[in-house]
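Here is a walk through one protein structure, with an eye on what packs inside, which charges pair up and where the backbone does something unusual. Keep the viewer open as you read.

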Amino acid sequence: MTLRRVLGSLVVGLLVAGCAHSAPASPAGSHRASGYRDAAYPNTRGVAALRAGLAPRGQDSPYYLSLGDSLAQGIQPGPTGADGPTDDGYPDVLAAMIRTAIPGLRLIKLGCSGETTLTMMHGGICHYPAGSQLAQAVSFLRSHRGHVALVTIDIGANDPNSCVLHQPASHLFSCLSGQVTQTERNVSRIVARIRAAAGPRVLIVGMTYYVPELALWRKGQAGKGLAILTEGLAAGVNQLIVERYHRYGARIADVFAAFKSTDFGRKRADSVTPPNVAAICSLTWMCAPPPRGPNEHANNAGYRVIAGSFWQAINR
């Protein structure tokens with residue numbers, strides 16, 4: 001996908017993202033995306049990958065460091081609709097899975113709700129003793145060399161917000177054009193610093209994003225068209241970010257695929273709810289009734305599927 005096509009879809013997707021928050025909603029259900037499989041233990045390759053960065057016969061407990069935005073904290077809407085952290089996020093689920101093979105694993109969550117690639121590098125949203133989430137992560141990794149089994153990261157989804165919130169409509173396209181390029185560069189800088197601090201053997205897994213705006217499909221023909229455009233946007237942007245992760249030896253948890261994001265079914269314009277729309281409704285709060293919905297965060301089932309995607313990346 002060319003950058004111009006990505007940006008064209010991005011403009012449409014961002015302009016209508018707010019519409020999803022006023023759409024009539026249906027209750028969210030439970031769902032487990034295909035590809036997620038329960039397992040008692042990581043396979044041999046997965047155990048080896050997790051232990052690769054650990055010093056032999058280390059005395060300290062091994063660590064799992066979770067970095068990123070609200071998803072890395074397990075944010076969900078509460079009974080009044082206000083977002084708050086939970087212990088049901090994907091890092092919590094994933095840590096419990098890994099402990100079957102590495103007992104005593106300690107989870108450290110540094111994620112910050114609303115974090116962008118820029119604020120992750122320079123601070124400004126959440127408070128960290130080191131000044132920013134990235135600086136705090138680097139400090140932790142350096143001081144715990146030989147004791148970190150895993151680093152996970154999800155970042156970049158909040159980056160376009162500054163263009164939508166702080167720019168006149170006439171400047172939107174040029175702002176977004178620069179923002180996509182800047183996000184790519186920032187992801188490279190972030191992962192490069194994490195890799196340098198962690199060392200070459202620590203397992204780092206980045207994440208692709210699901211597409212909350214697929215819920216717009218339920219808003220008639222215009223909504224269906226916008227859902228299709230936004231899915232194309234997400235596919236392109238995710239691919240750009242994946243390339244940056246791979247540059248520094250990070251694996252990918254393909255959450256975009258686990259949420260069936262490209263699966264509109266055989267007929268895109270029929271009245272049947274496509275698999276990708278059904279998944280977004282059952283794995284997030286986008287189709288939940290007020291006051292909790294519509295909300296783009298994953299629900300418990302969604303966080304389990306995200307954890308399953310990381311689990312697969314570890315075990316590949």
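## Starting from one residue

Let's begin at Ile-98: setting aside neighbours within four places in sequence, this residue is in contact with Leu-50, Leu-105, Leu-150, Trp-311 and Ile-314. Contact here means heavy atoms within 4.5 Å.

Before going further, some ground rules: this is a predicted model, where local features need pLDDT of at least 70 and side-chain atom pairs count only at pLDDT 80 or more, while totals for chains, interfaces and linings use all residues. Numbering runs from 1 along each chain as its sequence is written, and side-chain values use heavy atoms, with hydrogens and water left out.

## The nonpolar cores

Ile-98 belongs to the largest nonpolar core, which has 50 residues. Tyr-90, Leu-94, Ile-98, Leu-150 and Ile-306 are the ones that touch the most other members. A nonpolar core, for this purpose, is a set of buried Ala, Val, Leu, Ile, Met, Phe, Trp, Tyr and Cys residues joined through side-chain atoms within 4.5 Å. As for burial, buried means under 20% relative accessible area, exposed means over 50%, and partly exposed is in between (1.4 Å probe, protein chains only).

Which elements each supply at least two residues of this core? On the helix side they are H2 (44-51), H3 (90-98), H8 (220-247), H9 (255-258), H10 (275-283) and H11 (300-315), and strands S5 (148-154) and S6 (203-207) do so too. H11 gives the most, with 9 residues. Helices (H or I, at least four residues) and strands (E, at least two) are DSSP runs, numbered from the N terminus. Apart from this core lies another one, of 30 residues, among them Ala-137, Phe-140, Ile-155 and Ala-198.

## Charged pairs

How many salt bridges turn up in a search of the whole structure? The count is 3, taking a salt bridge as a side-chain nitrogen of Lys or Arg within 4 Å of a carboxyl oxygen of Asp or Glu. One of them pairs the side chains of Lys-109 and Asp-92, at 3.1 Å from N to O. This pair links distant parts of the chain, with Lys-109 in strand S4 (residues 106-109) and Asp-92 in helix H3, 17 residues apart. Lys-109 is partly exposed at 22% relative accessible area, whereas Asp-92 is buried at 17%.

Arg-244 and Glu-184 also meet through their side chains, at 2.4 Å from N to O. Arg-244 sits in helix H8 and Glu-184 in helix H7 (residues 172-198), so this salt bridge ties together parts that are 60 residues apart in sequence. Both Arg-244 and Glu-184 are buried. Arg-244 forms a salt bridge with Glu-243 as well, the closest N and O atoms being 3.4 Å apart. Arg-244 has 14% relative accessibility, while Glu-243, at 38%, counts as partly exposed. Put together, Glu-184, Glu-243 and Arg-244 are linked in a network of salt bridges.

## Backbone oddities

Now for the loop between strand S8 (284-285) and strand S9 (295-298), where Pro-291 is found. A cis peptide bond joins Pro-290 and Pro-291, with omega about 5°. Pro-294 lies in the loop between S8 and S9 too, and the peptide bond from Gly-293 to Pro-294 is cis, with omega near -10°.

One more spot to click on is Lys-260, in the loop between H9 and H10. Lys-260 has a positive phi of about 55° although it is not a glycine. With 24% relative accessibility, Lys-260 counts as partly exposed.
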